[in-house]
Amino acid sequence: MVGEGMLLVMAHPALERSRANQKMMQAAREVAGLTLHDLYEVYPAFTIDVRAEQKRLMQHQIIGLQFPMYWYSTPALLKEWIDLVWLHGFAYGIGGTALEGKRLFVACTTGGRAEYYGPDGQNRYTMEEFLRPLEQTARLCGMEWEKPFVLHASGAKTELALQAGADAYRRRLAALAAVAVFVEPEGPAIQEIRE
Ligand SMILES: Cc1cc2nc3c(=O)[nH]c(=O)nc-3n(C[C@H](O)[C@H](O)[C@H](O)COP(=O)(O)O)c2cc1C
């Protein structure tokens with residue numbers, strides 16, 4: 001099943017205290033053909049409905065994951081959702097073809113500045129490297145890996161800069177959701193919002 005449109009799976013454990021993801025989520029709500037799915041709202045006790053989630057995945061063509069970077073990884077509920085839903089026989093392995101041909105798009109916010117990420121920065125590795133487990137998860141499941149969107153230094157940004165980042169995000173989502181007219185953004189392997 002190929003599915004239609006985009007599913008944006010959001011994971012932020014304290015959205016009421018969020019600046020970046022909150023604004024990005026508002027931007028996402030304005031995008032046609034996009035279904036927003038807020039994991040911490042639906043599953044505050046981590047009681048994930050695996051069947052319902054698998055069905056939701058199958059119904060969409062592009063799967064987006066939006067989250068704040070926590071310890072160089074995803075928040076816990078997003079990891080749990082992948083662990084429980086992307087099962088052998090469904091997402092990979094024998095008979096596991098449900099996600100084949102779909103596209104995985106990651107949108108991540110960081111507290112660290114862009115220059116912290118890379119061999120000369122305090123975090124030592126690039127964002128591309130930190131996102132590799134998700135990239136390889138996509139590849140194992142036969143999905144295409146979209147250029148990730150990374151909004152850096154979320155805490156240090158002015159309201160104006162954050163809004164500009166959210167606007168860039170809305171444009172990217174709109175391009176993704178309009179599957180038929182998708183154009184890969186030019187430039188490096190990650191679309192970064194630095195300042
Ligand atoms: C538990 C925890 C772990 C975090 N780990 C990282 C990290 O590894 N790298 C980083 O750049 N920022 C890290 N941060 C900062 C968050 O990524 C940042 O606050 C978030 O992206 C801001 O988005 P928001 O305004 O939507 O909350 C961490 C924050 C918390 C609470």
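**Helix faces, a ligand shell and a buried proline**

In this predicted model, helix α7 (residues 159–177) makes a good place to begin: its 19 residues reach 26 Å from the first C-alpha to the last, close to the 27 Å expected at 1.5 Å a residue. Buried positions in α7 are Leu162, Gly165, Ala166, Tyr169, Arg172, Leu173, Leu176 and Ala177. Viewed down the axis of α7, these buried residues fall within an arc of 125°, so they line one face of the helix. An α-helix has 3.6 residues a turn, so residues three or four places apart point the same way. On the face of α7 turned away from the buried side sit the exposed residues Leu160, Asp167 and Arg171.

Helix α4 (residues 76–85) can be read in a similar manner. Its buried residues are Leu77, Leu78 and Trp81. Down the axis of α4 they fall within an arc of 105°, and they therefore line one face of the helix. The cover over the buried residues of α4 includes α2 (39–42), α3 (50–58) and β3 (62–68).

Turning to the chain as a whole, it contains 7 helices and 7 strands, which run β-α-β-α-α-β-α-β-α-α-β-β-α-β from the N terminus on. The radius of gyration is 16 Å, and this agrees with the value near 16 Å for a compact globule because the chain has 195 residues. Along the principal axes, the C-alpha atoms fill a box of roughly 45 × 35 × 35 Å. Of the 195 residues, 34% are buried. Among contacts with a separation of 6 or more, 81% join residues 24 or more positions apart.

Pro148 offers a local example of such contacts. This proline lies in the loop between β5 (144–145) and β6 (149–151), and it counts as buried because it has 21 C-beta neighbours inside 10 Å, the threshold being 20 or more. Beyond its neighbours within four places in sequence, Pro148 is in contact with Val106, Ala107, Cys108, Leu131, Ile190 and Gln191. For Cys108, 40 residues away along the chain, the C-alpha separation from Pro148 is 7.8 Å.

Finally, the ligand is surrounded by 17 residues, the closest being Ser18, Asn21, Pro68, Gly111 and Gly112. Helix α1 (residues 20–29) contributes the largest share of this shell, with 3 residues. By character, the shell divides into 6 nonpolar, 10 polar and 1 charged residue.

Key: Residues numbered from 1 in each chain as written. Predicted model: local features only at pLDDT ≥ 70, side-chain atom pairs only at ≥ 80, totals over all residues. Near = placed C-beta within 6 Å. Helix = DSSP H or I, 4+ residues; strand = E, 2+ residues; numbered from the N terminus. Nonpolar A, V, L, I, M, F, W, Y, C, P; charged D, E, K, R; others polar. Expected span 1.5 Å × (residues − 1). Buried ≥ 20, exposed ≤ 12 C-beta atoms within 10 Å, placed from the backbone. Arc of directions from axis to C-beta. Contact = placed C-beta atoms within 7 Å. Rg over C-alpha atoms; globule rule 2.2 N^0.38 Å.
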